[in-house]
Amino acid sequence: MIPRDEYLEQLKHFKDKDLIKVITGIRRCGKSTLFDLYNEFLLNSGIEKQQIIRINLEDPIYYELDSYLKLYNYVLNKIDSSKKAYVFIDEVQVVPEFQKACDGLYLNKNIDLYITGSNANLLSGELATLLSGRYIEIKMLPLSFKEFVSANNNDDNIDRLFQKYISWGSFPYVLNFDNIDDVDKYIKGIYDSIILKDIMARRKFPDMLMLQSVVSFLLDNIGNITSTNKIKDTLVSNGRTISIHTVENYITSLLESFIFYKATRYDIKGKQYLKTGDKYYVADLGLRYFLLGRKGNDTGHILENVVYLELLRRGYDVYIGKVDELEVDFVAINSKGVEYYQVSESVKDEKTLERELKSLDSIKDHNQKFLLVGDIEPEVSYNGIRKINVLDWLLDKE
C-alpha cells in the first residue's frame, strides 16, 4: 500500500471526535486503501480487531443491505456495546436513504463512523440537513506527484517519472502495471464505471454518446475558458442536437462524480467572484490521454492541470484570477491568506517571461506570488515574484 500520509493524518486528528468522517473523491483514488491504512493504525494503537467493522456496499456479500434500516441494524448487531466501535462504510450512497442510517449510527455515542462516497451528492440534500455541523469532509484525489515518485523508488529520473505520471495517470493501481496497454484497460474500466454507474444509471440520461461528446470537449479544452453555450454550439456545428440545459446537466453530473473540477473566475482588484469564464480540469490526466490519445500537444495546459490539483491537495480553494484585462492562472485561498500562481512550460523566451510576470506584477497587494516553470534553473526572484521549477514545487523542494 502506498502511504497516503496527508489524508491519514487527517483521520488520526479526527479520531473519536463527535463527527462523521466523510471521504469523497473519484472512483479508485484510494479511499478504501486509506481505510486499510487507518485500520492498521488503529490496531497498532491498541484497538481490538473486533472493534473494527468494515462494509463495502459494492461488494456482492453486502448486496442484501439494500435499505437504510437493514444497514443500520446490521451494524448494531456487529458491535459490542461495552467497547468503542469503529465503523467504516465504503460507497454508502449505494443504499437508498443511507442518510437515515448514518444519522442513527451517529447518535450512538459508542460508534465512531467513517464513510466514503464517489459522488458529491453524498453531502447534499437530506444528509446535509440531518447532519449539518456534525461531519467533516476529507476530499481525496489520486496520487500527487510526490506520492507517485515515492512509490517508484527504483527510478530516480524525475523527468521520466513526470512524463509517466501525466501519461499513465495517477490512480494508485496503475503502479502495478508494466505497459501502457494494461493501463488503458484499467482506466477504461474506471471511466465506464463512472459514466455507466455513477452518471447514466443515476441520472437516467438517454444519450450516452452525447455525454461522451461533452467529456471529450472538456478534456480537449483543459485550461481554456469554457461556457455551456460554447459546448452546445460546438456540438451543434458537428451535427448534434443539444440544448444548453442538457449540457448543464451533463456537466453537473461530471462534477458530482469528481471526474472534473471547475475553477471559477475571481476579480482580484474588485475582490469578487465572477459569474462567467469558468475553466475545467480533469481529476486524472490518464483519463485525458486514454480518451484523446497520447499526442504531445497542449503540454502547457496539462502542466496547469497538475498544478491546479496540487493546490487542491494542499487545502486551497482555487480560482482563475482577473486583473483588469490580464489573467492570473490561479488565485489560491486558504485560512492563512492568498497566493497567486502563473504556470508556464518555459519562460526562456524573454517575451514569454515578460508576459507571465506582467500579470503577477499588476497585483499590488503583498501576498506571495509564484511563477512555476518547466525550465530546469535555480530559483530566481523578480520584484518579489518567485520563479520556481514546477517539479521542485511539486516535490516540496522549493
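These legends go with close-up views of a predicted model.

**View 1. Strand E3, wrapped up on both faces.** Start with E3, residues 85-90. Six of its six residues are buried, so the strand is largely enclosed by the rest of the structure. In a regular strand, side chains alternate between the two faces of the sheet. Here one side carries Ala 85, Val 87 and Ile 89, and the other carries Tyr 86, Phe 88 and Asp 90, with both sets buried.

**View 2. E2 alongside E3.** Strand E2 covers residues 52-56, and five bridges tie it to E3. The two strands run parallel. To find your place in the pairing, look for Asn 56, which sits opposite Asp 90 of E3. Getting from E2 to E3, the chain goes by way of helix H3 (residues 68-78), and this β-α-β crossover is right-handed.

**View 3. E3 alongside E4.** E3 also pairs with strand E4, residues 111-117. Again there are five bridges, and the strands are parallel. A handy landmark is Tyr 86, whose bridge partner in E4 is Asp 112. Helix H4 (residues 98-107) provides the link as the chain crosses from E3 to E4, in a β-α-β crossover that is right-handed.

**View 4. Helices H7 and H12 crossing.** H7 spans residues 158-168 and H12 spans residues 285-292. Their axes come within 5 Å, at a crossing angle of roughly 65°. Angles of 65 to 115 degrees count as roughly perpendicular, and the two helices are therefore put in that class. On the H7 side, the contact is made by Ile 166, Ser 167 and Trp 168. Leu 285, Gly 286 and Tyr 289 do the job for H12. Sorted by class, that gives four nonpolar residues, two polar and no charged ones.

**View 5. Asp 16, a loop residue with positive phi.** Most residues other than glycine have a negative phi. Asp 16 goes the other way, with phi near 65°. Look for Asp 16 in the loop between helix H1 (5-13) and strand E1 (20-24). Is this residue buried, partly exposed or exposed? Asp 16 counts as partly exposed, because its relative accessibility is 36%.

**View 6. Lys 271, another positive phi.** For Lys 271, phi is near 50°, a positive value in a residue that isn't glycine. Lys 271 sits in the loop between strand E7 (265-267) and strand E8 (272-273). With a relative accessible area of 58%, Lys 271 is exposed.

How values were computed
Residues numbered from 1 in each chain as written. Predicted model: local features only at pLDDT ≥ 70, side-chain atom pairs only at ≥ 80, totals over all residues. Heavy atoms only, no water. Buried < 20%, exposed > 50% of the residue type's maximum accessible area, 1.4 Å probe, protein only. Helix = DSSP H or I, 4+ residues; strand = E, 2+ residues; numbered from the N terminus. Pairing = 2+ DSSP bridges. Right-handed = clockwise from strand over helix to strand, strands pointing away. Axes fitted to C-alpha atoms, helices over the stretch in contact; angles between N-to-C directions. Parallel < 35°, antiparallel > 145°, perpendicular 65-115°, else oblique. Contact = heavy atoms within 4.5 Å. Nonpolar A, V, L, I, M, F, W, Y, C, P; charged D, E, K, R; others polar.
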